[in-house]
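Let's take a walk through this structure together, one place at a time. Keep the 3D view open and turn it as you read.

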Amino acid sequence: MSRVPVFWKWALTVVIVAVAAAAALWPRGDSDSPGTQASPEPTRIEPALRQESGAADCPPESAAAAGPLADIVASCLADGAPAAPGRMIGEPMVLNLWAYWCEPCRTELPLFQEYADRAGPAVRVLTVHSDPDEAKALSLLAALNRDLRAQHRPELRLPGLQDPDARIRAAANAPNALPITVLVRPDGSIADYVARPFRDVTDIAETVAGALGVAA
């Protein structure tokens, strides 16, 4: 009878060793706890793609921000640097919100380039990509420029913002649809938004003149 406890003692020892070995060999992720896993790294954008997109440098920022856009920080499509549209005020501003998957936006973007060329410094025109996939936005801009060159039309050279969370659309209280154009007064207040594609450059010019009082 005295040999039974010894047997169970050795059996328990074997079980403990086996569990420890299994735990040591069990595959692990980057973190012991799913809640502490690191966020995925953002997609790296090649400088050549930014250059091919034609996105111009973002306008300089003023000393003070104002209006509903005051707390919004996006990034500049030209170089990926932080860009705050609420600090770019000082003259009337037109923000054309688009996304790479939006078919009407593809037709409308060249119209805004033509409008910006016509309006000159009287109006600040920026595009705003309202989707997280910045690389696809830049690729689409590059493709549009190739098409425009073939058609002998002005290429896209507008400054653009990357707004992955659509915070600019939310600040304008605009619907969840694209394209949308936000018209901003020189003091940073939002005069209006337009939730439809524009027909042509004249349509843009008349709409901006009616909302911001700037003829072009």
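Start at Arg124, which touches Pro59, Pro60, Met88, Ile89, Glu91, Pro92, Met93 and Val94, leaving out residues up to four places away in sequence. You will find Arg124 in strand β4, which covers residues 124-129. Is Arg124 buried or exposed? Its relative accessibility is 16%, and because buried means under 20%, Arg124 counts as buried. One of its neighbours deserves a second look: the side chain of Arg124 makes a polar contact with the side chain of Glu91, at 2.8 Å. Bear in mind as you explore that this is a predicted model.

Now step back and take in the whole chain. It holds 6 helices and 7 strands. Reading from the N terminus, the elements follow the order α-α-β-β-β-α-β-α-β-α-β-β-α. The protein chain has 216 residues, of which 42% count as buried. Among the contacts with a separation of 6 or more, 69% are between residues 24 or more positions apart.

A good example of two parts of the chain meeting is Asp163, in the loop between β5 and α5. The C-alpha atoms of Asp163 and Ala74 are separated by 5.3 Å, while the two residues are 89 residues apart along the chain. Which residues does Asp163 contact, once its neighbours within four places in sequence are left aside? They are Val128, His129, Ser130, Asp131, Ile168 and Arg169. With Ile168 there is a further detail: the side chain of Asp163 reaches the backbone nitrogen of Ile168 at 2.9 Å. Asp163 has a relative accessible area of 3%, so it is buried.

Stay in this loop between β5 and α5 for a moment, since Ala166 is found there too. Ala166 is not a glycine, yet it has a positive phi of about 55°. Its relative accessible area is 12%, so Ala166 is buried as well. Another residue with a positive phi is His152, at about 60°, and it is not a glycine either. His152 lies in the loop between α4 (134-150) and β5 (160-162). Is His152 buried or exposed? At 76% relative accessibility, it counts as exposed.

Moving on along the chain, look for the peptide bond that joins Leu178 and Pro179. This bond is cis, with omega about 0°. Pro179 sits in the loop between α5 (167-171) and β6 (180-184).

The last stop is a pair of helices. Two packed helices are described by the angle between their axes and by the distance between those axes. Here, helix α3 (residues 103-119) and helix α6 (residues 201-212) pack at an angle of about 60°, and their axes are 9 Å apart. The two helices are therefore oblique to each other, and their crossing is right-handed. What does each helix bring to the contact? From α3 come Leu111, Phe112, Glu114, Tyr115 and Arg118, and they meet Val201, Thr202, Ile204, Ala205 and Val208 in α6. Sorted by kind, the residues of this contact are 7 nonpolar, 1 polar and 2 charged.

How values were computed. Residues are numbered from 1 along each chain as its sequence is written. This is a predicted model: local features need pLDDT of at least 70, side-chain atom pairs count only at pLDDT 80 or more; totals for chains, interfaces and linings use all residues. Side-chain values use heavy atoms; hydrogens and water are left out. Axes are lines fitted to C-alpha atoms, for helices over the stretch in contact, and angles run from 0 to 180 degrees between N-to-C directions. Helices (H or I, at least four residues) and strands (E, at least two) are DSSP runs, numbered from the N terminus. Angles under 35 degrees count as roughly parallel, over 145 as roughly antiparallel, 65 to 115 as roughly perpendicular and the rest as oblique. A crossing is left-handed if the near helix is turned anticlockwise from the far one by less than a right angle, and right-handed if clockwise. Contact means heavy atoms within 4.5 Å. Ala, Val, Leu, Ile, Met, Phe, Trp, Tyr, Cys and Pro count as nonpolar, Asp, Glu, Lys and Arg as charged, and the others, Gly among them, as polar. Buried means under 20% relative accessible area, exposed over 50%, partly exposed in between (1.4 Å probe, protein chains only). A polar contact is a pair of N or O atoms within 3.5 Å; within protein, one must be able to donate a hydrogen and the other to accept it, and residues adjacent in sequence count only if both atoms are side-chain atoms.
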